[in-house]
Amino acid sequence: MALKIAIVGASGAVGQEFLQVLGASNLQIDELRLFGSERSRGRQYAFRGTTTEKVRCLGEDPHAFDGLDFVFVSAGAGVSKQYADLFTSGGAVMIDNSSAFRMDNDVPLVVPEVNGSDAFNTPRNIIANPNCTTIQMVVALEPIHRLSPICRVHVATYQAASGAGASGMMELEAQLRAFVNKGDMPVEKFVAQLACNLIPHIDTFTDNGYTREEMKMHFETKKIMHAPDLEVSATCVRVPVMRAHSEAIWVETEEALDVETVRKAFADAPGIVLHDLPEPLGYPMPLDASQTDPVYVGRIRADLANPRGINFWCVADQIRKGAALNAVQIAQYILDHR
C-alpha cells in the first residue's frame with residue numbers, strides 16, 4: 001500500500017529521526033509532506049536517495065493535510081492541541097509524540113510490543129506515543145508480566161542530554177569543551193551544569209515532590225499495561241550522556257520467578273536484545289545503544305531484599321525507540337493487522 005505521510009516538527013531532533021526511521025522502513029511512501037517552524041521554512045532533506053519537498057509552516061493551507069494516511073507530530077504539546085483537528089481533518093491518523101493527549105480516555109497510548117491492539121480504538125483519530133522512559137520500561141516489563149503479574153515497580157532513570165532535544169545535546173557539548181578548556185560554563189537549557197555532574201530533576205516539580213517526568217512514568221505505565229492497580233515509583237536523573245537513556249528497574253511479581261526463566265523470557269521477547277553476562281562489559285551501555293532500535297536488557301538478578309523481586313538494567317535510544325521508531329511501529333502495526 002502506497003502511503004501519504006506528514007511529519008510535523010521535521011527539523012527537530014525527533015523529526016530528523018522520523019526521516020531516518022521512515023527511510024529505512026519497509027513502508028511504501030508515495031508522498032511525504034514536511035512541516036516546521038518559520039525558521040525551518042523551505043529546508044529540504046535527503047530521503048531514500050532523493051530530496052524531500054520543502055518544509056512548510058502550519059496554518060497557511062487549510063487543506064495541507066488532506067488525503068494523508070498518517071501524521072507524525074513532534075512539535076510540542078501546544079502545537080499538538082492547537083492543530084489536532086487540522087491534522088485529522090482529512091481522515092489521517094495522528095500519532096503524537098507530545099504529552100498533550102497521553103492520559104485522555106479517548107486516546108490510546110501505545111507501545112506495539114505491549115498493547116498494539118489499542119491502536120484500533122481511536123475515536124478522535126489520535127494515538128499518543130508515550131514518554132521515552134516509559135516506552136523502554138514497559139517493553140522490558142511485558143515479558144515478566146506475562147510470566148506473573150507485576151504488582152510493584154521501582155525505577156531510577158539515567159537520562160541523556162538528548163532527552164531535552166537538540167539544544168540539550170549542544171549545551172552538553174559546549175559544557176564539555178568549556179570544562180576541558182577551563183572556559184566559561186554555559187548553563188541555559190538545564191537547571192545546572194550537566195557536564196561532570198548529575199541532576200536529579202527532569203521537568204517541573206508537582207505537589208507530591210515528584211517531577212512531572214516521574215509522574216508520567218507512574219500514570220502511563222498503568223494505562224499501557226492495562227493495570228490500574230500496578231504500583232510505580234520513579235526517580236528521574238539527567239546524566240552527562242549524549243544519547244540513549246538507561247534505567248535500573250526493580251519489580252515485584254505476584255509469584256516468585258526464577259532468574260533463568262526471566263532471562264529466557266527476555267531473550268524471546270520482541271524488541272529486546274539480551275546482554276547479560278556476569279563479567280566486565282557483559283551488560284548494555286548507552287554508548288552502544290545509541291542510534292539502534294532495540295531495548296537492551298542485562299544485569300538480571302534476584303532481589304536480595306524481596307523474595308518475589310527481580311532487578312535488571314535496561315538501555316535504549318530514546319530518540320529512536322523512545323520516540324520516532326515507536327511511532328512508526330504503531331503505524332506498521334495498524335497496517336499489518338487491519
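Colleague: What makes strand β6 and strand β7 count as paired?

Modeller: Bear in mind that this is a predicted model. In it, β6 (residues 70–73) and β7 (residues 93–96) are joined over four bridges, in the parallel sense. Pairing takes at least two bridges, so the two strands count as a pair. For one such partnership, look at F72, whose bridge partner in β7 is I95.

Colleague: Which sheet do they belong to, and in what order do its strands come?

Modeller: They sit in an open sheet of six strands, ordered β5-β2-β1-β6-β7-β8, and the pairing is parallel.

Colleague: What makes β5 and β8 the edge strands?

Modeller: Each of them, β5 at 56–57 and β8 at 126–128, pairs on one side only.

Colleague: Which strands do helices α1 and α9 lie across?

Modeller: Helix α1 (residues 13–24) lies across β1, β2 and β6, and runs at about 160 degrees to β1. Helix α9 (residues 320–337) lies across β1, β6, β7 and β8, at about 160 degrees to β6. Angles over 145 degrees count as roughly antiparallel, so α1 is roughly antiparallel to β1, and α9 is roughly antiparallel to β6.

Colleague: Why are α1 and α9 called oblique to each other?

Modeller: Two packed helices are described by the angle and the distance between their axes. Here the axes of α1 and α9 come within 9 Å and cross at roughly 50 degrees. Roughly parallel would need an angle under 35 degrees, and roughly perpendicular 65 to 115. The crossing of α1 and α9 fits neither range, and the two helices are therefore oblique. The contact involves V14, E17, F18, Q20, V21 and L22 on α1, and R320, A323, A324, L325, A327 and V328 on α9. As for handedness, α1 passes α9 in a right-handed crossing.

Colleague: Which residues touch the most other members of the largest nonpolar core?

Modeller: They are F65 and F312, in a core of 57 residues. Helix α4 (residues 132–147) supplies the largest share, seven residues. A second, separate core has 33 residues, including L3, L27, F72 and I330. In soluble globular proteins, nonpolar side chains tend to be buried together.

Colleague: Which residues does F65 contact, leaving aside neighbours within four places in sequence?

Modeller: F65 is in contact with A6, V8, R33, F35, L58, V71, L86, F87 and G90.

Colleague: How do you know whether S80 is buried or exposed?

Modeller: The relative accessibility of S80 is 0%, and buried means under 20%, so S80 counts as buried. S80 lies in helix α2 (residues 77–88). Beyond its sequence neighbours within four places, S80 contacts V73, M94, D96, S98, A100 and F101.

Colleague: And what about C151: is it buried, exposed or partly exposed?

Modeller: At 22%, C151 falls between the 20% and 50% limits, so C151 is partly exposed. C151 lies in strand β9. Not counting residues up to four places away in sequence, C151 touches D229, L230, E231, E252, T253, E254 and R308.

Colleague: Which sheet contains β9?

Modeller: An open sheet of six strands with mixed pairing, ordered β10-β9-β11-β14-β13-β12. Its twist averages 25 degrees from one strand to the next. Within this sheet, β13 and β14 (residues 309–316) pair in the antiparallel sense over six bridges, and V315 in β14 is the bridge partner of Y296. Helix α4 packs on the sheet, and the direction of α4 makes about 35 degrees with that of β11.

Colleague: What is noted about the phi of Q291 and of R299?

Modeller: Neither residue is a glycine, yet phi is positive: about 60 degrees for Q291 and near 55 degrees for R299. Q291 is found in the loop between α8 and β13, whereas R299 is found in strand β13.

Colleague: Why is Q291 described as exposed, and how is R299 classed?

Modeller: Exposed means over 50%, and Q291 has a relative accessible area of 54%, so Q291 qualifies. R299, at 41%, lies between the 20% and 50% limits, which means R299 is partly exposed.

Technical notes
Residues are numbered from 1 along each chain as its sequence is written. This is a predicted model: local features need pLDDT of at least 70, side-chain atom pairs count only at pLDDT 80 or more; totals for chains, interfaces and linings use all residues. Side-chain values use heavy atoms; hydrogens and water are left out. Contact means heavy atoms within 4.5 Å. Axes are lines fitted to C-alpha atoms, for helices over the stretch in contact, and angles run from 0 to 180 degrees between N-to-C directions. A nonpolar core is a set of buried Ala, Val, Leu, Ile, Met, Phe, Trp, Tyr and Cys residues joined through side-chain atoms within 4.5 Å. Buried means under 20% relative accessible area, exposed over 50%, partly exposed in between (1.4 Å probe, protein chains only). A crossing is left-handed if the near helix is turned anticlockwise from the far one by less than a right angle, and right-handed if clockwise.
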